[in-house]
Every structure is written in C-alpha cells, then in structure tokens.
Amino acid sequence: MTGQQLIISGVGGQGILFLTRILAETAISLGMPVMTSETHGMAQRGGVVISHLKAGEFSSPLVRPGRADGLIAMKAENVAIHRHFLRPGGWVVVNAKAAPAGLDGHPVHVIDADTLALELGNPQSLNLILIGYAVARFAASGDFFSPDQVIGTIERRLVEKGKLRDASLAALRLGMENAAG
Amino acid sequence: MSERMLLLGNEAMAHGLVEAGCNVVASYPGTPASEILSSVAQWRARYDLPMHVEWAVNEKVALEIAYAASQAGLRAATAMKQVGLNVASDPFMSAAYLGVKGGFLVISADDPGPHSSQTEQDSRLMAMGAKVPVLDPDSPEQARELVKVGFELSEAFEIPVMLRPTTRVCHANQDILPGPVAPSDRKALFEKNPARWAATPKFRHRLHLELEEKLAKIAAWEPTAPRLLNPAAPARRAIVASGVAAAHAREVLNDLGLRETLPLWQVVQPYPLHGDFVTTVLEQYDEILVLEETTGVMELQLADRYRVKGKRSGFVPEVGELSPELIEGLIASFAGIETPEAPAPAAEGGRRPTLCPGCPHRASFYAIKRAAPKGIFPSDIGCYTLGINLGGVDTVLCMGAAVSQACGFYHAHKIGGEVPDIVATIGDSTFFHAGIPPLIDAVVQDARFVLVILDNATTAMTGNQPTPALGWGAGGVPTATVNMEGLVRACGVKFCKVGRPGNLPAFTDLMKEAVAFARTDGLAVVIARQPCVVDRTFKGDRPPRRKVAISDACNGCRYCTTQFECPALVYDEEEKRVAIDTLICTDCGVCIDVCPRLAIEEVGQ
Ligand code: SF4
Ligand code: SF4
C-alpha cells in the first residue's frame, strides 16, 4: 500500500478515535509516516465526529475535499455530510441497512454493523466490525491494510487485556466473515 | 524509548516536558489543551520522575504555582487554553517584567474555528501584549521540539516563553520518535531579591527597560530564526507561514507543483519576529503572502501594507480556521494559477451535539424548567451549556459568570420592582474555578436567586479530570478534599440542599422549594449530585438501573423527544410513535416520569 488519505465519520460515542488509532498504528507498523486529526470537545456529545487519517508523505493533518481515497461512515446519514472529501472513484464503506443514494462513480460497500453488534451482545464493537469488514473487502486489491496487519495491531495493543482482546478480535472476525458473504 | 509511537500533539508536548527535565507542571483543563497535563502525569509515573504535577483550581493559580517554581530555579510549565490565559493574564503580564530563573513555559492552546471555545482569540497577541516571545509549532513533532527550545530560550534570556499550539496540533496524532528523558537533578533554591521579585513601580520601570533589551536580542536568536523550507531559485514572491498553516502550505505547494518556484518561509517565533528576517523579506520580494492563525501577528510586524498580503490587507480571511483547502485557493491565486474547484460540503447536516443519554444534567434542566417555567437561566462553561437545547440555558459568557450574571439580573430587575425567578446553573469544577467569589458577592449584596451546582463529580467536558472534592489528582494520586456544602455554607448561604436529579419527582420538589425560598428569603443553593455517565474514573455508587419500554399508550405526541430530548428516545416516522434506541440507552429510567401519558414503563431486567 502506498499513501492513503481516509475519512472516518460517525457520531460521538461510536469509538471513532479507537478505530482511527488502530489504522494509524497499523500504518506505523508498516513503516509509514502517519498523521490523524479528530474532532474533540462539544461534537463528542452525540454530534457528528470526523477523523482524518493520512498515511504516507504528508505534512498537513487534514484531508482536503476531493482527495480522500476512502470514507468509512459509521452512520448512514454521515455519507451525505462527508462524501465531498472523496476523490473521484474513492470508495465508501458504510454501516447501513441499504446503500445510500447519490454515490454514482464511487464503489460502495454496505454492512449492517448495528444489527451484528447487537447480535454479538456488544454494542461497543461496532467500530471493529466495520474495520474487519473493510479490510476483508479490500484484502485482494492491495490498496488498503490487510486483515493480518490489523489483527496484528489489535493483538499488540490489547495484549495484556485478555477478555477485551478476545471480544475485539471476535468483533473484527465477524466483520471479516460478513465481507466474504 | 526507541520506537516510533503514535502520539497526540498534547502527549508529544508532555513528552517534550519530561525530556527537558521540567519539574513542576500545573494546569486547569480546557479543550484543546487538556491532555497535556494528564500525559505529563502518565510519563512521570512511567519514568518515575521527581515532579510536581497538578490540576489547579484555575489557570491563574496554575500559572502562579509554576512561575514560583521557576523563581526558585526549577524548570516549570503551565498549560491552558486561550480563554484560560485570560484568567491567568494578570500574573502572566507581570511575570514578563520580573523575568524567570529556571525555564518557564506557558503553553496556551488556541482554537481557530472555533471548535470548542467561546472565542477565536490569538494567544500570540497576548504574548505580544505581555512582551513575551512565542513559539508556534506546525505539528505534534515540532511542538515537542519547541518545548525544549522554549526552555533554552527562557533560560538564556531569563524570560517566560509562550508555546502556542492550535487545535490541529494539540489534537493531531503523529508517529513520533520520543527523545531520551533527562531527569533533572536541580534543587529548588529561592534567592531573595525583593527589588526584582517584589518590585515596586519604580523598579518596574527599570525592569521594563531590561525587558525591551531582551526582546531585541531574542529577535536575533539563531535557534528560533525563520527557515526557508525550499531554497529555490530567487522569486519575486514568497510565502511566510507559521503554525499549522505552514504544514498545510507545504503540502499544497507540492501538490500544485510550486515547490521549486515559490519560496516558503516558516516562522517558528512569530513574536518577536527576527529583525534580519523582516529586512530580508521586505528587500528581496515584491509580494509576500502571510499565512497564520488566527490574527495577523506576523503581518503586523511586517508592516508594508502595499506588498504584504494577509489578514489586514483583506486577502486572507480574519475569521475561522485556515483550512488546507482555503490555503490551496489563496496560494493558487497568489501564484496566479488556476486550480479545479474542490467539491463543496453538503448543506448543514447531521445531528447537533446534545447531552449524553442518561446524563444527569438533562434531568436537572427538566426539573428547573418545571419549577421556574418563566425563569431566567444564566449558565456557564461545560457540558451543561448544551442545556440550551432544552431551554434551560439563556446565557453563557465565561467561567463563573453564571453566578455573577444571576446577581446582575437580580439587581437589574429589582430596580423596577418586579423580579422574575432566576435559576443559574454551574458545574462543580467551574464552581471551584470561578464560582466562589461571585457567590460571596451574591450573599453580601443579598441577591435572590437559585444557584444549582451541577455536581457530576468530574470535569466532564474536557475528559473527566478531577475536581477538588474528589480526593485524587493528576495521575490518580490521592489528595485532600474540599467539601462543597461546607464551602457554600461558609460563604453565608442559608439554604443549601443536595438532591439527585435522576430521581425526578423528588428533585423537582426540591427545585420548587428552592425557588420559593429565593422569592421570599434569599439566595438558595441546590447541589444536583449524580455522576457523569461516561466518567470511568468515578468510584462511588451509581444510581439503580431502570430498564424501560414504550407501551401502546404512546400516541406519538413527541413531548418526550422535544422537551426531554434524550437521544435514546427516537421518533419512528413509520410507526408514528416513539421507540427506544437500545444501542445507546443507559437504563437511567428518568423518562418514565416525563411522558404525560405514562407510556414509558419500567420493565425490569
Ligand atoms: S459527558 Fe457526562 S456530563 Fe457531559 S453530557 Fe455526557 S453524561 Fe453529561
Ligand atoms: S412516549 Fe409519551 S411523551 Fe413520548 S411521544 Fe409517546 S406519548 Fe408522547
């Protein structure tokens, strides 16, 4: 994978910062320079939260509109709010029951992570399901992190947190399985 | 530590502090600066360093504590947000005159945008007003470096130094290779020198002269001189940028293919601007584009309004963040090239911020409105500012002003004879920070209103830092405690009662009692005590869980969603009634007492 600019968007409380950190640490483990930038403060109280992630030779922490390679939306309604960041042909991974309209020209991948997280009995795992799904979807194309790389990051990060680690990996795998189907 | 690690700008600065052997750090939480002190506390524990690290009651106190440590010869720092520096401006201005012994760093984080602040003010202007040199980092990595440079500068000239990061530096993460930690072996040794440390006005005049001499030398100090980032062929035009605007500009120049043709100067010390640099750019270039956030501080010092394009000339917007897309447009137009138009964001969309599901403040505001439906509601700075959505907040000015504004509203109305109910709200941390002096004023001047101290046992807005009532400080170390009720009573308040807002019927009765007391007898204080739902540091008991469901009695009147506005109560357009979002519901059960049709029922586990 070469340079990547991603937008991750959702609402407060969905674990966007953690998801961003997992991807950023994956980039570091691959020897890439990385910068991320998130909203803190008022917006976290249930409002829209956006996180920019740039892996590669960049100096600005923010993605400019029209430049993002991908958009990961943890709420369907956020696709409309943040799609202007996408470059032509940039992909979308969205947590939704059905594909949002108006995304012609962008490959759109839809997963109902809300339902899966509830089935798993772990509403907090939404972010990991989504990321598992995304990496599995792009596994073959080579323009995103690979499942093994992300699993490696989670194992390193949560190595001393037995239960949490297992629950996180289970959520990640659930997302991956759903990408296959 | 020898591995690259992902560090938040604030964590990177904190690491810079321990690398530089800083001994004393004091702070009051404020976004975007809050994580600086909590990270220092973590590094201190990790490396077992001899340091004093504290959450002070406010920024003035924090600055004075750190400054005294510097007077005693230690390296010391204080960290705050830009509006926090307003609170600390009194000692800050004086410290510049008296100077320092050990290196003294004032980290004041600005919030162009603004993302989570009352103002977009530029701390560099404060530095200029105080005559304190200021360093302006472009990234977490540079912020870490400038901590060390700042201490060196401070000690070389015996002057306080301001480090001024912005939100995009504080809250950006970057892969950083932290430097070695050098535990300091300095011992505090305060050398008495009243002529300097307690200078009378006569001496201050001399100190001011000395300060001016220092500044002239600092404007020639090599380590902070501006850097030409792309020593390209001489050009007619150049860009001068500082802070994160310099980082954006660098990337934009690359993307536009202008790296070899348009010189980019990065200024890390925007005040005092280096004298030689000013001469060079004004001599060498016909046109200069100045990119900086938020005010034209460098532009002021590059005074040539015919050749300098910036905020004062009207070329660069005065208001708001300088986003990279904005900078792209400015640079393209400055260089006279065309760029394709960037896609525009969709019209305002998304949800507005709201109190968390289960937040005790929601119940407090609901009860306040029941008890004083026609009241005036002054409020303050914190999560509860969001009570604005619920109609429970009419004014927000600055820390502590809820109490003084309530006094003002009371006295103003009293002149005319008709005093409405006034119910002011303030958080526990904010009360300790700036609520006590106006409470004393209220008692002494017999201002009659209800003050509700929203005591959620934390400083929630900035990430759950402790308050003086809790018994633990930065890094979780045990501290002594201050009793809030005792403090309120000691101020002379006769009515001081504690209630739990989540028990809505009882709390509403308490609010009514307080409102009645305020009408006839004087100031009433209600302490609304219930922990913040997202505070993982809370150690006491949480209120009982009450799982709820919506029964068929719901007729979709939307009273609960508009008047109570809990995000877990969602109106279902198809069913024409309300449903519970079980993904986010915290089982607080407060809404049971809100629905007029009793359609929200407790269902047990
Ligand atoms: S963080 Fe705590 S105090 Fe703030 S809105 Fe959420 S529950 Fe309420
Ligand atoms: S739950 Fe009660 S208040 Fe809410 S919409 Fe239904 S009937 Fe109205």
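**Exercise 1.** In this predicted model, find which residues surround ligand 1, and work out how the shell divides by class.

*Solution.* We begin by listing the neighbours: ligand 1 is surrounded by A:Arg45, B:Leu355, B:Cys356, B:Cys359, B:His361, B:Cys383, B:Asn456, B:Ala460, B:Cys532, B:Val533 and B:Val534. The chain letters in this list belong to A and B, and ligand 1 indeed lies between chains A and B. Sorting the residues by class, we obtain eight nonpolar, two polar and one charged residues. The charged one is A:Arg45, because Arg counts as charged while Cys, Leu, Val and Ala count as nonpolar.

**Exercise 2.** Carry out the description of the shell for ligand 2, and then examine the backbone of B:Arg558.

*Solution.* The shell around ligand 2 consists of B:Cys554, B:Asn555, B:Gly556, B:Cys557, B:Arg558, B:Tyr559, B:Cys560, B:Val578, B:Cys595, B:Pro596, B:Arg597 and B:Ile600. By class, these residues divide into eight nonpolar, two polar and two charged. Turning to B:Arg558, we locate this residue in the loop between strand E20 (548-550) and helix H20 (559-564) of chain B. The phi angle of B:Arg558 is near 70°, which is a positive value in a residue other than glycine. With a relative accessible area of 34%, B:Arg558 is partly exposed.

**Exercise 3.** Describe how helices H1 and H4 of chain A cross, and name the residues that make the contact.

*Solution.* Two packed helices are described by the angle between their axes and the distance between the axes. For H1 (residues 16-29) and H4 (residues 126-137) of chain A, the axes come within 9 Å and cross at roughly 40°, and the crossing is right-handed. The contact is made on the side of H1(A) by A:Phe18, A:Leu19, A:Ile22 and A:Leu23, and on the side of H4(A) by A:Asn127, A:Leu128 and A:Ile131. Classifying these residues gives six nonpolar, one polar and no charged.

**Exercise 4.** Decide whether the ring pair of B:Trp43 and B:Tyr47 is stacked or edge-to-face, and consider how the two residues are placed in their helix.

*Solution.* A pair of aromatic rings is described by the distance of the centres and the angle of the planes. A search over all chains finds 12 aromatic pairs. For B:Trp43 and B:Tyr47 the centres are 6.1 Å apart and the planes are 20° from each other; because planes under 30 degrees apart count as stacked, this pair is stacked. The two residues are four apart in helix H2 (residues 35-47) of chain B, and therefore they are separated by about one helical turn. B:Trp43 is buried, with a relative accessible area of 5%, whereas B:Tyr47 is partly exposed, with 23%.

**Exercise 5.** Determine whether B:Val240 is buried or exposed, and list the residues that it touches.

*Solution.* We first place B:Val240 in strand E10 (residues 237-242) of chain B. The relative accessibility of B:Val240 is 0%, and so this residue counts as buried. Leaving out residues up to four places away in sequence, B:Val240 touches B:Trp265, B:Val267, B:Phe277, B:Val281, B:Ile288, B:Leu289, B:Val290, B:Leu291 and B:Met298.

Technical notes: Residues numbered from 1 in each chain as written. Chains lettered and ligands numbered in written order. Predicted model: local features only at pLDDT ≥ 70, side-chain atom pairs only at ≥ 80, totals over all residues. Heavy atoms only, no water. Near = heavy atom within 4 Å. Axes fitted to C-alpha atoms, helices over the stretch in contact; angles between N-to-C directions. Left-handed = near helix turned anticlockwise from the far one by under 90°. Contact = heavy atoms within 4.5 Å. Phe/Tyr/Trp six-rings, centres within 6.5 Å; stacked < 30°, edge-to-face > 60°. Buried < 20%, exposed > 50% of the residue type's maximum accessible area, 1.4 Å probe, protein only.
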